[in-house]
Amino acid sequence: DLDLSNFLAPDLTDAGAAHLARLTRMAHLKVSHQRLTDAALVHFEGLAELESLDLSGNEGSSAPGSRT
């Protein structure tokens, strides 16, 4: 499990999300209140073991539950 929602500032961008694609065995990822847009979603497609993805609070994303 990885929770990136507690960063001091919302610094995770779409480009930064590409690095998360290497964590292929991750089951739960929380990246709420960051600076992600729909372009970041492509980086999560290869996470075959991902069971849950929390994108809440990412105003640039149209994914369900991403806007609060």
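Along the sequence, the protein chain of this predicted model follows the pattern β-α-β-β. One helix and three strands make up its secondary structure. Helix H1 spans residues 14-20. Strand S1 covers 2-3 and strand S3 covers 52-54, while strand S2 comprises residues 28-30.

The three strands form an open sheet in the order S1-S2-S3, with parallel pairing. S1 and S3 stand at the edges, each with a single partner strand, so one side of each lacks a neighbour in the sheet. Strands of a sheet pair through backbone hydrogen bonds, in either a parallel or an antiparallel sense. Three bridges join S2 and S3 in the parallel sense. Within this part of the sheet, Lys30 stands opposite Asp54 of S3.

Burial was examined next. Of the 68 residues in the protein chain, 35% count as buried. The largest nonpolar core has twelve residues. Leucines in this core are Leu4, Leu12, Leu20, Leu29, Leu36, Leu47 and Leu55. Ala17, Met26, Val31, Ala40 and Phe44 complete the set. The protein chain exposes about 4,200 Å², and carbon and sulfur atoms supply 53% of that area.

Contacts of Leu36 were then listed, leaving aside its neighbours within four places in sequence. Among its partners are Leu12, Ala17, Val31 and Leu55, which also belong to the largest nonpolar core. Leu36 further contacts Thr13, Asp14, Asn58, Gly60 and Ser61. Across the protein chain, residues 24 or more positions apart account for 46% of the contacts with a separation of 6 or more.

Two loop residues were considered individually. Leu23 is found in the loop between helix H1 and S2. Its relative accessible area is 38%, so Leu23 is partly exposed, between the limits of 20% for buried and 50% for exposed residues. Not counting residues up to four places away in sequence, Leu23 touches Leu2 and Leu47. Leu47 is a member of the largest nonpolar core. Leu23 and Leu47 are 24 residues apart along the chain, and their C-alpha atoms are separated by 7.3 Å.

His33 lies in the loop between S2 and S3. Its phi is near 55°, a positive value in a residue other than glycine. His33 also counts as partly exposed, because its relative accessibility is 45%.

Conventions:
Residues are numbered from 1 along each chain as its sequence is written. This is a predicted model: local features need pLDDT of at least 70, side-chain atom pairs count only at pLDDT 80 or more; totals for chains, interfaces and linings use all residues. Side-chain values use heavy atoms; hydrogens and water are left out. Two strands pair if DSSP finds at least two bridges between them. Helices (H or I, at least four residues) and strands (E, at least two) are DSSP runs, numbered from the N terminus. A nonpolar core is a set of buried Ala, Val, Leu, Ile, Met, Phe, Trp, Tyr and Cys residues joined through side-chain atoms within 4.5 Å. Buried means under 20% relative accessible area, exposed over 50%, partly exposed in between (1.4 Å probe, protein chains only). Contact means heavy atoms within 4.5 Å. Accessible areas come from the Shrake-Rupley method with a 1.4 Å probe; for residues, only the protein chains shown count as cover.
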